[in-house]
Amino acid sequence: MHFVIRKMKPVHPSRPNRFISSNWRIEQLPGLSAENQAGLIDCGIRTTLQLLQQASSPVQRQALATQLQIHIQHINKWVALADLSRLPGVGCEYCGLLLHAGIASCAQLAQTPVERIHQQILRLQVATLQRRDLCPTRGAIAQWIEQARAAARSPSCSRV
């Protein structure tokens, strides 16, 4: 069985307040072992949006952790990554970077100044990779923040 997950633009030109979440196969979410991926799939969770729907409350997260026989911290991390990956500019490529830089949700991203996030990511890149050139630009980060704000305004967007 194959899933086609399309990367969609976050804002429709005629409706600027409409947000469309990106959705990814669970295998694309960074940091999940093959065993974890298989466990989620066995629970009926095949995409990041399904993970967000089925783990939207602390009770649901604990139940999923119990079912998978893993610590709830793993579920919380995966939910944070899935939440950030909803933003088309972030996706699965940058959600882990944001999480490691201290941004754990779209709501937090929406409220954090560009310069602060840029400095956190730059420090992380230099400390771990000794490379400044891999840091996303301020413009890209500003776009992520705008997408996070659009997600927060969207009534159809699930809150995590």
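**Surface, helix 7 and a buried arginine**

The protein chain exposes about 8,900 Å², and carbon and sulfur atoms supply 52% of that area. The model is a predicted one. Of the 160 residues in the protein chain, 42% are buried.

The protein chain contains 8 helices and 2 strands. Read from the N terminus, the order of elements is β-β-α-α-α-α-α-α-α-α, with the two strands ahead of the helices. Among contacts in the protein chain with a separation of 6 or more, 48% are between residues 24 or more positions apart.

Helix 7 covers residues 114–129, 16 residues in total. From its first C-alpha to its last, helix 7 reaches 22 Å, close to the 22 Å expected at 1.5 Å a residue. The buried residues in helix 7 are Ile 117, His 118, Gln 120, Ile 121, Leu 122 and Gln 125; the list thus includes His and Gln side by side with Ile and Leu. These buried residues pack against helix 5, helix 6 (106–111) and helix 8 (138–153). After helix 7 comes Gln 130, which has a positive phi, near 55°.

Helix 5 (91–100) also borders the loop that holds Arg 86; on the other side of this loop is helix 4 (72–85). Arg 86 counts as buried because its relative accessible area is 3%, and the cut-off for buried is under 20%. The side chain of Arg 86 makes a polar contact, at 2.8 Å, with the side chain of Asp 83.

Methods. Residues are numbered from 1 along each chain as its sequence is written. This is a predicted model: local features need pLDDT of at least 70, side-chain atom pairs count only at pLDDT 80 or more; totals for chains, interfaces and linings use all residues. Side-chain values use heavy atoms; hydrogens and water are left out. Helices (H or I, at least four residues) and strands (E, at least two) are DSSP runs, numbered from the N terminus. Buried means under 20% relative accessible area, exposed over 50%, partly exposed in between (1.4 Å probe, protein chains only). A polar contact is a pair of N or O atoms within 3.5 Å; within protein, one must be able to donate a hydrogen and the other to accept it, and residues adjacent in sequence count only if both atoms are side-chain atoms. Contact means heavy atoms within 4.5 Å. Accessible areas come from the Shrake-Rupley method with a 1.4 Å probe; for residues, only the protein chains shown count as cover. The expected span of a helix is 1.5 Å times one less than its number of residues.
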